[in-house]
Amino acid sequence: MRPAVLPALVLAAMLAAGCGGEDAPPVVRLAFETEPATSDPAFAVDFSSGTIASLVHAGLVSFDEAGAVQPDLASSWRVTGDGLEWRFTLAPRRFADGSPVTSAAIVSSFRRLLSPETQSPRWWVLEPVAGAAAFHGGGSWESVGIEAPDDSTVVFQLAQPAAHFLSLLAMPAAGVVSTDRADSLGAGYGRRPLGAGVWRIGTWREGDVVELEPNPCGWPRPAVRGLRFRILPEAMTRIAEFETGGLDLLEVPRAELEMWRTAGAGLLSAEELRVVYIGFRLDRPPFDDPRVRRALNHAIDVETIIARLLFGAGRRARGVVPAALRDWPEPTERYPYDPARAVRLLEKAGLSDGFEMAIWQRDNPEGGRILESVQAYLAAVNVRVRLVTREWGAFKEAIANGSADAFYLDWFADYPDPENFLSPLFHSRNRGGGGNRTGYANAAVDSLIDLAATLTGAERSACCREAERIVYEDAPWLFLWFPVRYEVVSPRLEGYRIPAIFNGQRWTGVTLEGVGE
Amino acid sequence: MIAALGRRLLQLFPVLLGVVTVAFLLMYVVPGDPVLAIAGERYDEQTLEAMRRDLGLDRPLVVQYLSYLGRLARGDLGVSYVTRRPVAETIRERFPRTLALAAAATAIAVIAGTAIGLLSAWKRVPWLGRLLMAGSLVGVSIPVFWLGLLLIHLFAIKLSLLPPSGYGGGSLRHLVLPAVTLSFASMATIARVTRAGVMDASLSDFVRTARAKGLAERLVMLKHVLRNALVPVVTIVGTDFGSYLGGSVLTESIFGWPGLGRYIVQAIMKRDFPVIQGAVLFMALCFVVVNLLVDCSYRLIDPRTREEAS
């Protein structure tokens, strides 16, 4: 037995396969942290599933990179003056198997999404449509306001005006599936979808890689020959792959940001449509007292946390709507870092001895560091915080069943519209699973959000602005920040920009250096 | 021998039934609701209720358990709540990769481990023995995660010899780093046990006899010393190989290796009951089968166990 067996094995393996790195293929190489659960629009609820679903399926409309709604299956649309009837005229398009995307096919796909038999958790995308909720609850399809008067027109009748309706139709869930395929494959549709998107699935190797190739009938035509999404759960591995030329794009973890900032080349950044906060259970004392909630907001130096723990990758949240989504000025600062004021407010609320509370978080090292610092800030005003860490499943259940008094959480936009922050998070109708996890209820905010849905332009903005101002003043949250996302691209990838909303990047505008059509 | 094997095979059933039952019950004891994972971040109670009904989660625990056993008896592992794919199909797809990694790691551990153990037991160079044993202590203690990253940094980033991660469609180059990483702790243990076994056996009467009758030293080592020293090594190999077959979460995660370990961890995160139960059962099955094989191999290596059993 020779001692050099291990190096010999390594060497033999390398010789057997040739030592040089393989030539970079003419496809964009990307990574997912988790494998997409499905590509079925009706069941895609996580980031990677939604991404694949949107690349493979086209909706009536879609988001561009900047987050604006653009034509897709529909070439144009118009809405009646009362905002109730939306009429879409279809472009001549085909599914990836060559069959035409008719208005009947689109209606059939929407019917599948809404049907109680499908049990899609995303049926609410069509909730504004008249009769949709009733049909989902077991009512008849005839009363649903979706129809196809001719082969190239789809008409929606809404129950009430919904200014964000177009944005809903650009969500992954509203992607049009071939119901023939979906009916014949059942649950198997998730891996063998048939849509009219820019891409179609080439190879899907379980847990390893999802490869997309251009849909021969798709529109617009991409300039690159494919997209390869590798499943790489570890950030350090993704970095190593990027450094060795195995990936064309890398989301830079915040802890690694300094290194890439000094390296300089290819670093992109964009403020995410996401807000990070600590929510309070508003029905529990002492959080039912707004003075207490305001005191906690004064007690924490959020700017310092952003600078030190996020390495500057965030912007202080004054309010709840990300800057990119509002055309009104940010609310004026109400909660400057002022521990003395926090103590005074707590005294006024009858808590001069402070109190004890628990903040729940999901298992995550960065979140842990942030909450330890929050804990220290609150200790300075005599609020004794216990941190409770659970993995995602248990954490989510604790918030859902109300066992968490306060929780560190974030909210990602489903579509780039202020409504997507105000309504799910603060409308009393959405308490619980709808997104309003604190149980916030304010009649004035409810009616402003409802009114905003019926308006457009400056009037709508004024309503949203006022609703945001009231929420900010009521302080149902400890307002933290809007995160900034950093990505680096390989030198060969050109024309890429970070999309405003995750399904706004369809890879039709990128090219790879040295790779032609 | 055949009768003994049959008895052992029969004993597997209660073990597996126990595993199934514990895995089933644990899922309902730990907090976390599977339908919350399916529903995403924005859902309504009505949909959740419908999902629970459809998945049968609203039925009494006993009914769920019995229907699960019924399905198992028909060889049906169920369908994942999250991906809606049959569990058996996914295991079939992922298991060969886990098997490849486990086999490679075990081969490296056995070959390198026994070699290091033999070398360090070599009396003529005592300092080498101490050095190798110190090295193996490091090997046992080194965290897999750190070792993996270190190897990636060295062999992929600095030396550009091997790919940093991935399955590469089964290419050997992709297998090297994860297999070495996974083998490390086992290799170190095998080295230590081999050394102890060799030193023990060298002092025994039968070795002295063998030497006295003029047998060549090489033959003494191979036929008498090593064969006796191998018995505990086989135990280690069996246990480690059996557990590798269930997937090695850390190694698989670091190297983006699409094996069973990550599949199970993801399923646990999402409370994907059918996947957890199916995968745990499969892991247990692998483990007991490997153990059975190890027990059989004792009979081949060590004549005494043969006599005791018969």
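Where in chain A is the place of Pro286(A)? In this predicted model, Pro286(A) sits in the loop that runs between strand S13 (274–280) and helix H9 (290–299) of chain A. Once you have found that loop, look at the bond leading into the residue: Pro285(A) and Pro286(A) are joined by a cis peptide bond, with omega about 0 degrees.

Chain A offers another bond to look at. The peptide bond from Trp219(A) to Pro220(A) is cis, and its omega is near -10 degrees. To find it, go to the loop between strand S9 (209–214) and strand S10 (227–231) of chain A, where Pro220(A) has its place. These bonds deserve a pause because most peptide bonds are trans.

Now let us turn from omega to phi. Most residues other than glycine have a negative phi, so a positive value catches the eye. Gln119(A) has one: its phi is near 55 degrees. You will meet Gln119(A) in the loop between helix H3 (103–114) and helix H4 (132–136) of chain A. Is Gln119(A) buried or exposed? Gln119(A) counts as buried because its relative accessible area is 15%, and the cut-off for buried is under 20%.

Chain B has a stop on this tour as well. Ser160(B), also a residue other than glycine, has a positive phi near 50 degrees. Follow chain B to the loop between helix H7 (144–158) and helix H8 (172–202), and there you will find Ser160(B). With a relative accessible area of 48%, Ser160(B) is partly exposed, since exposed would require over 50% and buried under 20%.

Note on methods. Residues numbered from 1 in each chain as written. Chains lettered and ligands numbered in written order. Predicted model: local features only at pLDDT ≥ 70, side-chain atom pairs only at ≥ 80, totals over all residues. Heavy atoms only, no water. Helix = DSSP H or I, 4+ residues; strand = E, 2+ residues; numbered from the N terminus. Buried < 20%, exposed > 50% of the residue type's maximum accessible area, 1.4 Å probe, protein only.
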